[in-house]
Amino acid sequence: YRSHRLLDTHMLFIKFFTILLLTPFFILAVNKIRLGYLNALYIVYPFFYIFYVIPLILDIAIGVPDQYSYIGFHMFEWSKNDTYTTVIYSFMLIIVTAILFMFGIKNKVPIEALHSDINSFWAKYAQNVFKTVFLILFFYPTYLVLVSFSRYGINPSYLFDYPFLARFYRPSLDFLFYYYMSFISILSFVGFLFLSKRKSIWNLLIFSFPLFISFSINGKRAIVAYLIFLVCFMIYIKKEVSPKKMVVLMGLVAFLGIFLSILYQSIIRKQEFSAMSPSEYMGMRVDFGRDDVLSMAIYSSVYGDSIIPHDGISVIYFARFLYGGLVNMGLVTPYKYSVYATSYLMGYSYPQDLGWGMTTGLWDELVSNFGIIFGTFVFCIYFCFVMRIADRYKNQYFTLLTYMFCILSLALQFSSFAIIVALWGLFFAILTMKKLKI
């Protein structure tokens, strides 16, 4: 254990100063959305704020979770209490925010500017194609559960038992596959909402059962928060409510989110409504934040540790599917980044596929692969490029796909949403060819 720590008051000042600088950007993004501007940055930055800045607020208001060491997450504990790591983390948040707001916007994109000229390129079939793809991805977790229930002769009444479904695939070595598919299922439903002519509230009621299945398999409260936010956004972008009513709706959503979190404590973790236990607080931080894995990646770089065996190796994970021999040649890792990160977190000297993994994002993976400075630089270039492209084309389908692409990049490792990456790349190629009249 290597660490350098200033007095708690100094640590608090660093975090408070960071919050003070970044909160106006969050307010600006939310206000732009309220005014009807749908630039990708304005949609994505509130998620960035939730994942990386809200944890600093919680550190000041409640404190760093003290349950990290109790369950063996020592690297989280050490990195979160290390001064060098905290200073670098805060400084990088400020730098990234500045770069995104300076270079992540191509031009203003009001709601009226979004169009669907892709229909003129794919005639009348594009919308139906996308709706079909979204529905297939949305129903896929439900299909998997029904097949499993039929195969093992499980009582159908358990289909409505959240605790049972949340633990159903946990022992499986393929649990991460089911976990990520449930996440993609929820986002696909949002895509379907965007294309559907039916009111969003009716779609929520009609498709409540497969939604429940996907929520249950995922087992994370964060997925519910993501859906609520994105559904509210779909209601807004489709002009189902006015901007003023949208503000009221978001307030109700925040209240609903708190209620659902408390309900989750009662049902799953057997917590009383009266208080949040230390373990529950830690679970909430892990579910909704990405500060812990990013701090761990920074900590490993500061003190010369290595989460992955060779720089850059985890970001080319998918190359193993193109030619399996690359793994034997040592050119491609056989593991996803989350395997390396979880093994490092638990103190293993070598990567161990434990059948579960700590949820990681793109930023911490890039830091682990390329170092703090260059990894963060690549992160900024990546987001600025993707968001500016969406602003440039102003196509409503491509813009929605970009929202999903960027939010997933913040929340998950790159390898877990390959299908979204492929769809985005295909759409980008089609729109580019159309623009160049190829």
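Buried, in this talk, means under 20% relative accessible area, with exposed over 50% and partly exposed in between (1.4 Å probe, protein chains only). By that rule Met-387 is buried, at a relative accessible area of 0%.

A word on the source. This is a predicted model, so local features need pLDDT of at least 70 and side-chain atom pairs count only at pLDDT 80 or more, while totals for chains, interfaces and linings use all residues. Residues are numbered from 1 along each chain as its sequence is written, and side-chain values use heavy atoms, with hydrogens and water left out.

Let me stay with Met-387. The residue lies in helix H20; helices here are DSSP runs (H or I, at least four residues), numbered from the N terminus. What does Met-387 touch, not counting residues up to four places away in sequence? Its contacts, meaning heavy atoms within 4.5 Å, are Ala-40, Leu-41, Val-44, Leu-100, Gly-104 and Cys-406. The C-alpha atoms of Met-387 and Phe-103 are separated by 9.4 Å, with their positions 284 residues apart along the chain.

Next, helix H21, residues 396–411. The expected span of a helix is 1.5 Å times one less than its number of residues. For the 16 residues of H21 that gives 22 Å, and the end C-alpha atoms are 23 Å apart, which agrees. Of those 16 residues, 15 are buried, so H21 is largely enclosed by the rest of the structure.

Now the charged groups. Side chains of opposite charge can pair when their charged atoms come close. I count a salt bridge when a side-chain nitrogen of Lys or Arg is within 4 Å of a carboxyl oxygen of Asp or Glu. How many salt bridges does this rule give? The count is three.

One is between Lys-15 and Asp-59, at 3.2 Å from N to O. Lys-15 is in helix H1 (residues 8–34) and Asp-59 in helix H3 (residues 54–61), so this pair links distant parts of the chain, 44 residues apart. Another joins Lys-80 to Asp-59, also with N to O at 3.2 Å. Here helix H4 (residues 74–80), which holds Lys-80, is linked to H3, and the two residues are 21 apart.

The remaining bridge is Asp-291 with Lys-80, where the closest N and O atoms are 2.6 Å apart. Asp-291 lies in helix H15 (residues 291–302) and Lys-80 in H4, so the pair ties together parts that are 211 residues apart in sequence. Through shared partners, Lys-15, Asp-59, Lys-80 and Asp-291 form one network.

Are these residues buried or exposed? Lys-15 and Asp-59 are buried, as are Asp-291 and Lys-80. The relative accessibility is 5% for Asp-59 and 4% for Lys-80.

Thr-86 sits beside part of this network: Met-11, Ile-14, Lys-15 and Lys-80 are its contacts, not counting residues up to four places away in sequence. Thr-86 is in helix H5 (residues 83–103) and, at 6% relative accessibility, counts as buried.

Last, the surface. Val-315, Ile-316, Phe-370, Phe-374, Phe-377 and Ile-381 make a nonpolar patch of about 530 Å². Patch residues have over 30% relative accessible area and no salt bridge; like charges are joined within 9 Å, and nonpolar side chains (Val, Leu, Ile, Met, Phe, Trp, Tyr) within 5 Å. Areas come from the Shrake-Rupley method with a 1.4 Å probe, and for residues only the protein chains shown count as cover. Helix H20 (residues 372–393) gives the largest share of the patch, three residues. Phe-370 belongs to helix H19 (residues 362–370) and is partly exposed, at 32% relative accessibility.
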